[in-house]
Amino acid sequence: MRTHTALHVLKGAVQKVLQVRWTAGVWVEGLNGRLTVLADRNPTQQELEDIEREANEKIREDQDIVEYTLDRNEAENRWGDSIYDMFPLPEGITTVTVVCIPGWNVNCCKENHTRTTGEIGRITLRKTRFRKNKNLLEISFSVEPGS
Ligand SMILES: [Zn+2]
């Protein structure tokens with residue numbers, strides 16, 4: 001749950017530093033995770049440091065993570081398509097759960113999350129891989145208990 005929630009915090013930081021928008025995939029196993037976003041280049045070392053610092057600042061702020069379950073149209077009116085990842089929800093789905101870290105990340109998500117960002121602990125970026133032919137940037141990270 002902490003590693004999954006870390007994906008939302010990391011996505012906010014990646015959006016802010018790299019101005020990317022779409023998540024192409026996520027993977028979580030234990031305390032290790034990987035976020036894959038659509039990007040047009042490999043980030044610099046400085047940008048990676050900025051992403052890690054921004055994500056951990058958001059954790060230190062210990063912000064509430066708010067979940068809304070609401071009508072899909074209402075959610076789209078409120079947040080637009082920023083709640084979606086690259087692969088849209090099937091047409092038939094009329095009620096959605098939206099996970100919101102206010103001012104940071106908003107996303108349709110049915111997984112369980114920590115109550116606050118502080119419960120995540122600490123995010124450490126491990127490695128990145130840019131797949132140029134697909135414009136996909138994979139960011140691997142791990143989560144450790146906070147001090
Ligand atoms: Zn989630």
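This is a walk through the main parts of a predicted model, from its sheets and helices down to a few single residues.

Let us begin with the sheet that β1 belongs to. It is an open sheet of four strands, which lie in the order β1-β2-β7-β6 and pair in the antiparallel sense. On the two edges you will find β1, residues 23-29, and β6, residues 122-131, each of which pairs on one side only. Going from one strand to the next, the twist averages 15°.

Now look at how the strands of this sheet are joined. Strand β2, covering residues 32-38, and strand β7, covering residues 136-144, are antiparallel partners over seven bridges. To find one of these places by eye, pick out T36, whose bridge partner in β7 is E138. On to β6 and β7, which pair over nine bridges, again in the antiparallel sense. Here F130 is a good landmark, as L137 of β7 is its bridge partner.

β6 and β7 also form a hairpin, with four residues between the strands. Pause at N135, which sits in the loop between β6 and β7. Most residues other than glycine have a negative phi. N135 goes the other way: it is not a glycine, yet its phi is positive, at about 55°. Is N135 buried, exposed or partly exposed? It has 15 C-beta neighbours inside 10 Å, and so it counts as partly exposed; a residue needs 20 or more to be buried, and 12 or fewer to be exposed.

Next, let us add the helix that goes with this sheet. Helix α1, made of residues 2-18, lies across β1, β2, β6 and β7. Its direction is at about 35° to β2. If you follow the chain onward from α1, you come to the loop between α1 and β1, where Q19 is found. Q19 is another residue other than glycine with a positive phi, in this case near 55°. Its surroundings hold 9 C-beta neighbours inside 10 Å, which is why Q19 counts as exposed.

Helix α1 has a partner helix too. Two packed helices are described by the angle between their axes and the distance between the axes. For α1 and helix α2, which spans residues 45-60, the axes come within 8 Å and cross at roughly 135°. The two helices are therefore oblique to each other, since an angle has to be over 145 degrees to count as roughly antiparallel. The crossing of α1 past α2 is right-handed. On the α1 side, the contact is made by V9, L10, G12, A13, V14, K16, V17 and L18. Facing them from α2 are E47, D50, I51, E54, A55, K58 and I59. What kinds of residue make up this contact of α1 with α2? Nine are nonpolar, one is polar and five are charged.

Stay with α2 for a moment and find N56, which is part of this helix. N56 has 20 C-beta neighbours inside 10 Å, so it counts as buried. Setting aside its neighbours within four places in sequence, N56 is in contact with R122 and I123. N56 and I123 make a nice example of the chain coming back on itself: 67 residues separate them in sequence, but their C-alpha atoms are 6.3 Å apart in space.

There is another sheet to visit. It is open and has three strands, in the order β3-β4-β5, with antiparallel pairing. Its edge strands are β3, residues 66-71, and β5, residues 105-108, and each pairs on one side only. The twist from one strand to the next averages 25° in this sheet. Strands β4 and β5 pair over four bridges in the antiparallel sense, and C100 has V106 of β5 as its bridge partner. Helix α3 lies across β3, β4 and β5, and its direction is at about 120° to β3.

Our last stop is I93, in the loop between α3, residues 72-79, and β4, residues 95-101. Is I93 buried or exposed? With 10 other C-beta atoms within 10 Å, I93 is exposed. To place it against another residue, look for N112: the two are 19 residues apart in sequence and 19 Å apart in space, C-alpha to C-alpha.

How values were computed:
Residues numbered from 1 in each chain as written. Predicted model: local features only at pLDDT ≥ 70, side-chain atom pairs only at ≥ 80, totals over all residues. Pairing = 2+ DSSP bridges. Axes fitted to C-alpha atoms, helices over the stretch in contact; angles between N-to-C directions. Contact = placed C-beta atoms within 7 Å. Parallel < 35°, antiparallel > 145°, perpendicular 65-115°, else oblique. Left-handed = near helix turned anticlockwise from the far one by under 90°. Nonpolar A, V, L, I, M, F, W, Y, C, P; charged D, E, K, R; others polar.
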